[in-house]
Amino acid sequence: MTQRVKVASLPDCVAYVQLCPLIKALRDKKKIVIIAGAGISAAAGIPIFDAMPMASTTIFNMSMYNNENDTKILNEIFSDMCHRVQSANPTQFHHVLEAITEEGRLHRLYFQNINGLDTQLAPLKTQIPLPPKGPSHFDPALFASESSLPSCTECKVHKLTGKAPVLRPRVWLYLDDDYPDANAIGSVADADLQKKFDLVVVVASALKVESAKKLMKDVCTAVRRGGGIAVLINLKAPTRDLDFFDLVIE
Ligand SMILES: *[C@@H]1O[C@H](CO)[C@@H](O)[C@H](O)[C@H]1NC(C)=O
Ligand SMILES: *[C@@H]1O[C@H](CO)[C@@H](O)[C@H](O)[C@H]1NC(C)=O
């Protein structure tokens, strides 16, 4: 049975009592998995997808590389995000993650974002699955040029077009079937599903991306089968799939 808590509609003391199972779990559980979406960084001033000028499925889509005007729009968005990330600080939620990691209780953080607010905290530094080449090594100016697209300086110029291949950020876009990090991410997830966890928290994700939704379902099912609990925390709960969770907090 899924228990739902709508924090904003409850007096503080009632909300506190209803949130106790989560508070207790975050304090006591020893093998925790977190699946986090863009919303955990919203308080740091990084826009979530709903705040973008176009639908995220249109922008973060390989088809944006089909013509130069679209590619420039995509590059400007990456460039803008990168500028914001450089002046952003980790949020309170990032510090909760830091604390449970320091105590050795966070087994895995799946994060759909590449803003590096998590990995700049010492206990959350990671090499898996990506080497630490976060936004600090990414030159936003490269992707923001009005006149030209950033081209690879190490690749050969194409014989027919006379151009070098265009550089793109290392981000998994919609319709990108050849994304080089996909296998690494998949094998980490497969290995995790063989392990035993006692808490999974899915947080600040609208669960609209199919691959993230599948991961959420697989991990929640595995955790609950092993006797653990699954919690969803989001501003607004999605309308479907809530029965994958023991506790849904809005
Ligand atoms: C990606 O772009 C293509 C072509 O514009 C579109 O058909 C598709 O719906 C977009 N989104 C996704 C999630 O594939
Ligand atoms: C791209 O934008 C330029 C300038 O706004 C315009 O002249 C051109 O027609 C556009 N190209 C395409 C393929 O839409």
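**Domains.** I started with how the chain is split: domain 1 takes 1–46 + 90–133 + 175–250, and domain 2 takes 51–87 + 134–169. This is a predicted model, which I kept in mind throughout. I then looked up the spacing, and the C-alpha centres of domain 1 and domain 2 are 29 Å apart.

**The sheet.** Next I traced the strands. I found an open sheet of six strands, paired in parallel, in the order 1-6-5-4-2-3. At its edges I noted strand 1 (3–5) and strand 3 (106–111), each with pairing on one side only. From one strand to the next, the twist averages 15°.

I picked one pairing to follow in detail. Strand 5 (residues 229–233) and strand 6 (residues 247–249) run parallel and are joined by three bridges. Which residue of strand 6 is the bridge partner of Leu 232? I found that Val 248 is.

**Helices over the strands.** I checked two helices here. Helix 1 (residues 12–28) lies across strand 1, strand 4 (199–203), strand 5 and strand 6, and I noted an angle of about 120° to strand 6. Helix 4 (residues 92–102) lies across strand 2 (32–36) and strand 3, running at about 150° to strand 3.

**Ligand 1.** Last, I listed what surrounds ligand 1: Thr 57, Asn 61, Ser 63, Tyr 174 and Leu 175. How many residues of this shell are nonpolar, polar and charged? I noted two nonpolar, three polar and no charged. Going back to the domain bounds, I saw that domain 2 includes 51–87, while 175–250 belongs to domain 1.

Technical notes:
Residues numbered from 1 in each chain as written. Chains lettered and ligands numbered in written order. Predicted model: local features only at pLDDT ≥ 70, side-chain atom pairs only at ≥ 80, totals over all residues. Domains from an automatic or database assignment. Near = placed C-beta within 6 Å. Nonpolar A, V, L, I, M, F, W, Y, C, P; charged D, E, K, R; others polar. Pairing = 2+ DSSP bridges. Helix = DSSP H or I, 4+ residues; strand = E, 2+ residues; numbered from the N terminus. Axes fitted to C-alpha atoms, helices over the stretch in contact; angles between N-to-C directions. Contact = placed C-beta atoms within 7 Å.
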